Amino acid sequence: WTWTEHIDLAHHAVAPGVASLVASKIVAFGRNCDETRNCTFKIMDLDSMEWTSLSVLDLDEVQTGGTSLPYGVFTAVGDDILVTGASEDFDDVILLSATNSVLRKQIVTRDAGHVVRHEMIPNLRTRMAVAVLEEEAIMFGGLQSAVPPLTFCDLLFSSETWSYDLKHMRWFLHSSVSGPAARAGHTMVSWRSAAFVFGGSTAYLPLFPTHQPLAECGSAPLVFNDVWKFASEDRTWVQVFMSGGTPAAREAHTAVEIDAGFVVFGGMDATAYNGSGGSIVPFSDVWIADMTSEAWGYVETDGSGLPAATCFHAAAVAGDLMLVYGGLKLPDMTASDELWGLRLKGPNAWTWTKLGSTSSTGFGIVGHSLVVIGRSAWMFGGL
């Protein structure tokens with residue numbers, strides 16, 4: 001046992017701080033890490049003996065602990081870091097994954113001083129997909145926000161699978177489940193006790209591409225047209241290799257459940273767009289994913305008019321109609337206020353009908369959600 005002094009290990013002072021050995025690396029955290037009190041995690045690689053800053057998500061959750069946090073518990077749990085406070089000012093539980101640099105907050109509910117509930121919740125994200133299977137909601141992927149959001153390059157595409165128990169109102173992370181590649185802007189549809197993911201992309205594209213150019217984030221973005229199945233029985237992902245013609249890879253489309261599988265409409269491929277050049281490929285096509293035969297089918301639609309190529313719209317099934325509302329019209333990038341219906345069954349199946357424009361101001365909406373309950377269609381959110 002010999003002591004060796006290592007100097008000039010460039011990192012801010014951590015005082016008072018804590019450190020632990022996690023996955024063959026030393027990880028340190030403390031208060032007053034710099035003059036702005038921006039507390040960050042630092043990692044020392046034991047091979048190179050060099051310090052690096054750990055880019056984490058939801059860092060403000062840690063900062064809420066104030067001065068009490070550094071005096072709490074900081075220890076390794078496998079490849080994760082567990083941080084807890086030690087006073088009434090900070091009694092949350094923080095879990096940091098050392099493998100993918102994602103910081104998560106655990107919920108602690110107290111009743112007369114006793115912990116009565118303790119669970120992990122997903123970090124902030126957008127453009128994920130959710131499907132309901134019986135008494136739980138399955139969530140996959142999405143674009144995770146950095147704190148603070150400096151540039152789009154600071155965002156992380158997720159490949160996580162979460163489930164939310166609708167009966168006990170608790171989140172569960174399926175950390176051991178491998179499945180689709182990380183992505184955002186995909187769709188997920190429930191069908192016969194399984195959830196199906198289609199499409200998505202790793203293009204750092206904001207909702208209005210003309211308002212904020214695409215950042216140069218290094219690696220080339222990907223866009224997908226694969227189909228994956230999440231089985232509720234064994235909690236596993238399986239890729240479904242569909243026969244027949246295949247729809248073009250896309251994101252920001254919609255998919256709705258039908259008797260035989262699901263119907264896909266619209267979307268875009270923005271992997272070639274770079275803010276000042278390149279193009280966004282729009283789609284106005286309709287495809288059926290027949291999951292009984294695991295085959296794609298292109299649909300020739302009809303009608304007195306057809307909806308424009310649209311992305312970031314919302315769709316839901318009402319009886320024999322697929323309702324499509326709003327969205328970003330391509331290629332002119334204008335928000336739509338139009339409501340369309342596509343007949344799914346009967347003698348007029350696959351016929352489009354414009355049901356009207358719902359905005360008295362003429363302004364459209366994008367990035368919203370739509371659900372049908374009984375004889376009413378409910379919309380939430382959007383820009």
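Q: How do you know that D285 forms a salt bridge with R250?
A: The closest N and O atoms of D285 and R250 are 2.8 Å apart. A salt bridge is a side-chain nitrogen of Lys or Arg within 4 Å of a carboxyl oxygen of Asp or Glu, so 2.8 Å meets the rule. Please keep in mind that this is a predicted model, in which local features need pLDDT of at least 70, side-chain atom pairs count only at pLDDT 80 or more, and totals for chains, interfaces and linings use all residues. Residues are numbered from 1 along each chain as its sequence is written, and side-chain values use heavy atoms, leaving out hydrogens and water.

Q: Where in the chain do D285 and R250 lie?
A: D285 is in the loop between β24 (281–282) and β25 (286–290), while R250 is in the loop between β20 and β21 (254–257). The pair links distant parts of the chain, 35 residues apart. The strands named here are DSSP runs (E, at least two residues), numbered from the N terminus.

Q: Why is R250 called buried?
A: Its relative accessible area is 0%. Buried means under 20% relative accessible area, exposed over 50%, and partly exposed in between (1.4 Å probe, protein chains only), so R250 counts as buried. D285, with a relative accessible area of 16%, is buried too.

Q: What makes the contact of R125 and E160 a salt bridge?
A: Their side chains meet at 2.7 Å, N to O, so the pair fits the salt-bridge rule. R125 lies in strand β10 (residues 125–126) and E160 in the loop between β14 (156–157) and β15 (161–165), so the pair ties together parts that are 35 residues apart in sequence. Both residues are buried. A search of the whole structure finds 8 salt bridges.

Q: Is K329 buried or partly exposed, and how do you know?
A: K329 has a relative accessible area of 21%, so it falls in the range for partly exposed. E338, at 15%, is buried. The side chains of E338 and K329 meet in a salt bridge (3.1 Å, N to O). Salt bridges that share partners join K329, E338 and K354 into one network.

Q: What makes β27 and β30 a pair?
A: 2 bridges join β27 to strand β30 (residues 328–329), and the two run antiparallel. Two strands pair if DSSP finds at least two bridges between them, so β27 and β30 qualify. T310 stands opposite K329 in β30.

Q: Which strands stand at the edges of the open sheet, and why?
A: The sheet has 3 strands in the order β27-β30-β31, with antiparallel pairing. β27 (310–311) and β31 (334–335) stand at the edges, because each has a single partner strand and so has one side without a neighbour in the sheet.

Q: How do you know that β19 and β20 pair?
A: Strand β19 (residues 227–231) and strand β20 (residues 236–240) share 5 bridges in the antiparallel sense, so they satisfy the pairing rule. A231 stands opposite T236 in β20. The hairpin of β19 and β20 has 4 residues between the strands, and there R235 takes a positive phi near 55 degrees.

Q: Why is L143 called buried?
A: L143 has a relative accessible area of 6%, so it counts as buried. L143 is found in strand β13 (residues 143–144). The C-alpha atoms of L143 and A184, 41 residues apart along the chain, are separated by 5.7 Å.
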